[in-house]
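Biologist: I'd like to learn how to read a few features from a model like this one. Could you walk me through it?

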Amino acid sequence: MNFARAREKHEWWFLLASICVVLVIGWAFVHDSYFERAYKPNIIYVESWPENRTDEEIIAQQQIDLAKQRKEEAEFERERAARQAEWKKIDDKLKSWGI
């Protein structure tokens, strides 16, 4: 208690100002951390096939689906490689700075 009594008036004002600065910074972090997430419906479409399909029709459809899947995987790998190259460029730049 003696410590508090020994403080000058300007020291109390600086204490109040420093507490306000910390509270404002904390409020800014909390306020900035909230963001509205976009709603994306997860719709699953089910294909209906006739019972009397032949094996050749099934295999033909599987080949079409396999080609589509490979194309999507190749596109995903291209995008992943591009992102990885961008981050490698940033990492190399930081290493050249010694970070």
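Biologist: Let me start with Arg-80: is this residue buried, partly exposed or exposed?

Modeller: This is a predicted model, so please read every value as computed from it. Partly exposed covers the range between under 20% and over 50% relative accessible area. Arg-80 has 35% relative accessibility, so the residue counts as partly exposed.

Biologist: Which residue forms a salt bridge with Arg-80?

Modeller: The general idea first: side chains of opposite charge can pair when their charged atoms come close. Here the partner is Glu-77, and the closest N and O atoms of the pair are 2.9 Å apart. That falls within the 4 Å allowed between a side-chain nitrogen of Lys or Arg and a carboxyl oxygen of Asp or Glu. Glu-77 is itself partly exposed, at 38% relative accessibility.

Biologist: How are Glu-77 and Arg-80 placed in helix H3?

Modeller: They are three residues apart in H3, which means about one helical turn separates them. Glu-75 and Arg-78 have the three-residue spacing in H3 too, again about one helical turn. Their side chains also meet in a salt bridge, at 2.5 Å from N to O. Glu-75 is partly exposed, with a relative accessible area of 34%.

Biologist: How many salt bridges does the structure hold?

Modeller: Five. One of them joins the side chains of Arg-7 and Glu-11, at 3.5 Å from N to O. Arg-7 is partly exposed at 32% relative accessible area, and Glu-11 is partly exposed at 30%.

Biologist: Back to H3. What span should its 43 residues have?

Modeller: To find the expected span, take 1.5 Å times one less than the number of residues. For H3 this gives 63 Å, and the end C-alpha atoms are 62 Å apart, so the two values agree.

Biologist: And what follows H3?

Modeller: Gly-98 comes next, with a positive phi near 90 degrees.

Biologist: Now for Trp-87. Where does this residue lie, and is it buried or exposed?

Modeller: Trp-87 is in helix H3, which runs over residues 55-97. Exposed means over 50% relative accessible area; Trp-87 has 59% relative accessibility and therefore counts as exposed.

Biologist: Which residues make the nonpolar surface patch with Trp-87?

Modeller: For a patch, nonpolar side chains are joined when they lie within 5 Å. In this case Trp-87 is joined by Ile-90, Leu-94, Trp-97 and Ile-99, and the patch has an area of about 620 Å².

Key. Residues are numbered from 1 along each chain as its sequence is written. This is a predicted model: local features need pLDDT of at least 70, side-chain atom pairs count only at pLDDT 80 or more; totals for chains, interfaces and linings use all residues. Side-chain values use heavy atoms; hydrogens and water are left out. Patches are made of residues with over 30% relative accessible area and no salt bridge: like charges are joined within 9 Å, nonpolar side chains (Val, Leu, Ile, Met, Phe, Trp, Tyr) within 5 Å. Accessible areas come from the Shrake-Rupley method with a 1.4 Å probe; for residues, only the protein chains shown count as cover. Helices (H or I, at least four residues) and strands (E, at least two) are DSSP runs, numbered from the N terminus. Buried means under 20% relative accessible area, exposed over 50%, partly exposed in between (1.4 Å probe, protein chains only).
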